[in-house]
Amino acid sequence: LKGHAGLVNACAFSPDGKRIVSASWDNSLKLWDSESGKELTTLKGHTGSVWACAFSPDGGRIVSASDETTFKLWNAETGEELATLKGHTDSVRACAFSPDGKRIVSASWDKTLKLWNAETGKELTTLKGHEEMVRACVFSPDGKRIVSASDDKTLKLWDTKTGKELTTLKGHTGSVNACAFGPDGKRIVSASSDKALKIWDAETGDELATLKGHAGLVNACAFSPDGK
């Protein structure tokens with residue numbers, strides 16, 4: 001799949017698997033046909049590098065996060081820009097839809113996360129507590145919690161209703177670059193610049209295991225669909 005004029009930072013499949021969205025340093029996103037690899041459309045509007053992208057659960061919208069301190073909502077069929085969400089004071093590095101598609105969480109270099117109404121684009125609450133930039137964020141499968149990963153070497157669990165910090169997951173010795181919930185929501189995996197991954201109990205925040213073997217920093221992580 002060729003067409004971007006800069007390096008590609010992120011990509012995601014649509015829920016039905018028929019399309020792919022990609023995010024690039026060329027300030028754009030592109031939609032692709034996943035069968036043919038054909039470029040369908042280019043999503044233009046950002047004025048800075050695009051760091052992250054995600055489809056809504058119904059596949060109708062795309063959210064993207066950018067260096068320009070904003071993130072945007074797009075029509076996933078037409079590529080039309082629907083809204084620009086403003087509120088962060090530094091680069092937005094990650095974004096995710098809630099499982100019901102009604103909310104969005106964003107993570108920024110301004111050390112905060114924000115929750116937004118996915119329909120109106122209205123800011124709902126700011127999640128404060130990290131001491132350094134936040135690199136990753138994701139909703140739990142039931143939508144009740146968020147986990148975030150930060151350069152402060154920790155992960156944090158948050159209550160999505162109140163925005164309250166539930167617990168801090170400590171153990172990594174380098175920046176935490178990525179995080180993911182297991183399919184049942186009971187475990188979390190994290191990837192760090194300390195060359196390790198860790199598995200955590202998502203209820204208590206207890207560290208369950210450390211996965212060692214990489215010779216360099218670990219940028220990404222994900223559970224298999226069966227959680228094994």
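In this predicted model, the search for disulfides returns a count of zero. Cys53 is in no disulfide, and the nearest cysteine sulfur, belonging to Cys11, is 6.8 Å away. Since a disulfide is counted when two cysteine sulfur atoms lie within 2.5 Å, a separation of that kind does not qualify. Cys53 is also a buried residue, with a relative accessible area of 9%. A similar account can be given for Cys221, which takes part in no disulfide and has the sulfur of Cys179 as its nearest cysteine sulfur, at 6.7 Å. With a relative accessibility of 17%, Cys221 counts as buried, because the limit for that label is under 20%.

Attention now turns to the strands. As a general reminder, the strands of a sheet pair through backbone hydrogen bonds, and they do so in either a parallel or an antiparallel way. One open sheet in this model is made of four strands, arranged in the order β5-β6-β7-β8 with antiparallel pairing. At its edges stand β5 (50–55) and β8 (81–85), each of which pairs on one side only. On average, neighbouring strands of this sheet are turned by 20° against each other, with direction ignored. Looking at one pair of strands in detail, β5 and β6 (residues 61–66) run antiparallel and are joined over five bridges. Within this pairing, Ala54 has Val63 in β6 as its bridge partner.

Strand β6 also holds Arg61, and this residue deserves a closer look. Is Arg61 buried or exposed? At 14% relative accessibility, Arg61 counts as buried. Its side chain reaches the backbone oxygen of Ala118 at 2.9 Å, and the side chain of Arg61 also reaches the backbone oxygen of Gly101, at 3.1 Å. When neighbours within four places in sequence are left aside, the residues in contact with Arg61 include Ala54, Phe55 and Ser56, along with Trp74, Leu82, Phe97 and Glu119. Ala54, the bridge partner of Val63, is thus also one of the contacts of Arg61.

Aromatic rings come next. How many aromatic pairs does the model contain? The count comes to two. In one of them, Trp25 and Trp51 meet edge-to-face, with 6.0 Å from centre to centre and 80° between the planes. Trp25 sits in the loop between β2 (19–24) and β3 (28–33), while Trp51 belongs to strand β5, so this pair ties together parts that are 26 residues apart in sequence. Trp25 is partly exposed, with a relative accessible area of 42%. The rings of Phe71 and Trp116 have centres 5.1 Å apart and planes at 80°, so this pair is edge-to-face. Phe71 lies in strand β7 (residues 71–75) and Trp116 in strand β11 (residues 112–117), so the pair ties together parts that are 45 residues apart in sequence. Phe71 is buried, at a relative accessible area of 0%, and Trp116 is buried too, at 1%.

A further open sheet of four strands follows the order β13-β14-β15-β16, again with antiparallel pairing. Its edges are β13 (134–139) and β16 (165–170); each has a single partner strand, so one side of each is left without a neighbour in the sheet. Neighbouring strands here are turned against each other by 20° on average, direction ignored. Five bridges link β13 to β14 (residues 145–150) in the antiparallel sense, and Val138 finds its bridge partner in Val147 of β14.

The last region to consider begins with strand β17 (residues 176–181), which is mostly covered, as six of its six residues are buried. β17 pairs with β18 (residues 187–192) in the antiparallel sense over five bridges, and the bridge partner of Phe181 is Ile188 in β18. The hairpin formed by these two strands has five residues between them, and there Gly185 takes a positive phi near 75°. Which residues does Phe223 contact, leaving aside its neighbours within four places in sequence? They are Ala180, Phe181, Gly182, Pro183, Arg187, Ile188, Val189 and Ile199. Phe223 itself lies in the segment after β20 (207–212). Although Phe223 and Ala180 are 43 residues apart along the chain, their C-alpha atoms are separated by 7.1 Å. The bridge partners Phe181 and Ile188 are both among the contacts of Phe223.

How values were computed: Residues are numbered from 1 along each chain as its sequence is written. This is a predicted model: local features need pLDDT of at least 70, side-chain atom pairs count only at pLDDT 80 or more; totals for chains, interfaces and linings use all residues. Side-chain values use heavy atoms; hydrogens and water are left out. Buried means under 20% relative accessible area, exposed over 50%, partly exposed in between (1.4 Å probe, protein chains only). Two strands pair if DSSP finds at least two bridges between them. Contact means heavy atoms within 4.5 Å. Axes are lines fitted to C-alpha atoms, for helices over the stretch in contact, and angles run from 0 to 180 degrees between N-to-C directions. A polar contact is a pair of N or O atoms within 3.5 Å; within protein, one must be able to donate a hydrogen and the other to accept it, and residues adjacent in sequence count only if both atoms are side-chain atoms. Rings of Phe, Tyr and Trp (its six-membered ring) pair if their centres lie within 6.5 Å; planes under 30 degrees apart count as stacked, over 60 as edge-to-face and the rest as tilted.
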